[in-house]
Amino acid sequence: MEATVTVPPFESFYVEHRDVVLGFLRRRLGGQAAEDAFQETFLRALRAYDRLDHGEHLRAWVLTIAARLVIDTSRRSKPVSHELPEVPVEDGRPAYAQIEHLAGGLPPTERAAVVLRYAYDLAYDDIALALDSTPEAARQAASSGVRRLRAGRIHDRYA
Amino acid sequence: MTVTPDLDLRFREAAAAEGLLDVGFDVIESPIGPLLVAATNRGLARIFFDAEPELHLERLAQAYGPRVLRSAGSVDSAHRQLDEYFSGSRSSFELDVDLRGSAPFAQHVLDELARVPYGQTTTYGTLAAKVGSPRGARAVGMVMNRNPIPIVLPCHRVVGANGSLTGYAGGLDVKEKLLRLEGALLA
């Protein structure tokens with residue numbers, strides 16, 4: 001079996017990004033919760049890893065997984081009222097799912113910046129880490145992505 | 001923000017325990033130096049004498065899939081049996097092996113090789129005859145040279161027709177050491 005492997009061996013990917021992911025989770029969740037989320041982030045990454053089409057933007061990808069876990073964790077920890085049942089919502093998709101869907105047609109860097117900024121509420125410092133660039137470049141990528149979305153100027157080749 | 005060894009270990013072992021790896025590996029110590037041991041869900045797949053993981057990650061990913069991760073749990077039964085072998089308390093391995101990286105002829109030869117008993121030697125020509133290829137001593141030599149799982153598949157027990165040690169991927173001194181350990185050569 002000679003598979004054409006386009007992503008790096010998971011060991012290399014994990015070693016390269018584990019400290020950044022833990023740093024992000026510690027800032028968002030603190031101590032023990034961050035450690036639990038760290039393990040779960042990389043287990044989820046591992047489950048999806050052989051389905052990746054390419055090895056680009058892997059740091060943004062794994063931070064997106066981590067950010068989604070932060071959202072899930074925060075939601076779980078909110079007190080639940082037993083008296084008022086939750087009202088079913090017509091479109092129950094959370095904000096990040098909608099934005100991810102909308103941003104699908106953007107060029108990769110802008111898409112990553114828009115999704116990380118507006119769907120996951122990451123600070124530009126974290127987005128810069130994810131994209132391996134600077135906070136200023138991350139801010140520019142996000143705002144040019146938003147402009148492109150507003151103008152509806154999404155080229156087919158990115159769709 | 002640095003991941004502590006404890007947190008790192010917990011992730012690696014959880015990944016192996018959940019069966020999420022295409023191939024798991026670890027570096028184990030042995031009297032013939034550190035060995036890199038790699039296993040898939042089918043069984044033991046590789047043993048490398050040059051135990052630097054960076055040298056082998058890409059090759060392991062190409063052969064078995066990209067989910068390659070170091071974790072002791074992936075290779076614990078091989079590790080235990082190798083320890084017993086090197087301490088002299090084990091004379092045969094009871095391990096499943098994954099030979100999918102080897103061609104059919106090589107697999108046939110390696111199956112036959114696995115039958116050569118502890119403490120005995122055979123020759124390339126004898127092994128060739130056993131796989132029905134009596135003139136294939138040289139081809140058998142090539143298979144030995146590329147043996148993916150040395151020690152466990154005992155290519156160190158195969159010597160030249162005149163009894164010379166001939167060659168070994170881990171070096172002739174290692175071949176000699178293994179044969180002395182097994183009592184096939186006088187200590």
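Biologist: Which residues of helix 3 (residues 76-86) of chain B are buried?

Modeller: This is a predicted model, where local features need pLDDT of at least 70 and side-chain atom pairs pLDDT 80 or more, while totals for chains, interfaces and linings use all residues. Residues are numbered from 1 along each chain as its sequence is written, and chains are lettered from A and ligands numbered from 1 in the order written. Buried means 20 or more other C-beta atoms within 10 Å of a residue's own, exposed 12 or fewer, partly exposed in between, with C-beta atoms placed from the backbone. In helix 3 of chain B (helices are DSSP runs of H or I, at least four residues, and strands of E, at least two, numbered from the N terminus), the buried ones are B:Ala78, B:Leu82 and B:Tyr85.

Biologist: Within what arc do the buried residues of helix 3 of chain B fall?

Modeller: The arc is taken from the directions from helix axis to C-beta atoms. The buried residues line one face of helix 3 of chain B, because they fall within 55°.

Biologist: Which exposed residues does helix 6 of chain B carry on the face turned away from its buried side?

Modeller: B:Val140, B:Val143 and B:Met144 are buried in helix 6 (residues 137-145) of chain B. They lie on the same side of helix 6 because their arc is only 100°. The face turned away carries B:Arg138 and B:Asn145.

Biologist: How many residues of chain A are in contact with chain B?

Modeller: Contact means C-beta atoms, placed from the backbone, within 7 Å. Chain B gives 22 residues, and the number in chain A is 24.

How values were computed:
Two residues are in contact if their C-beta atoms, placed from the backbone, lie within 7 Å.
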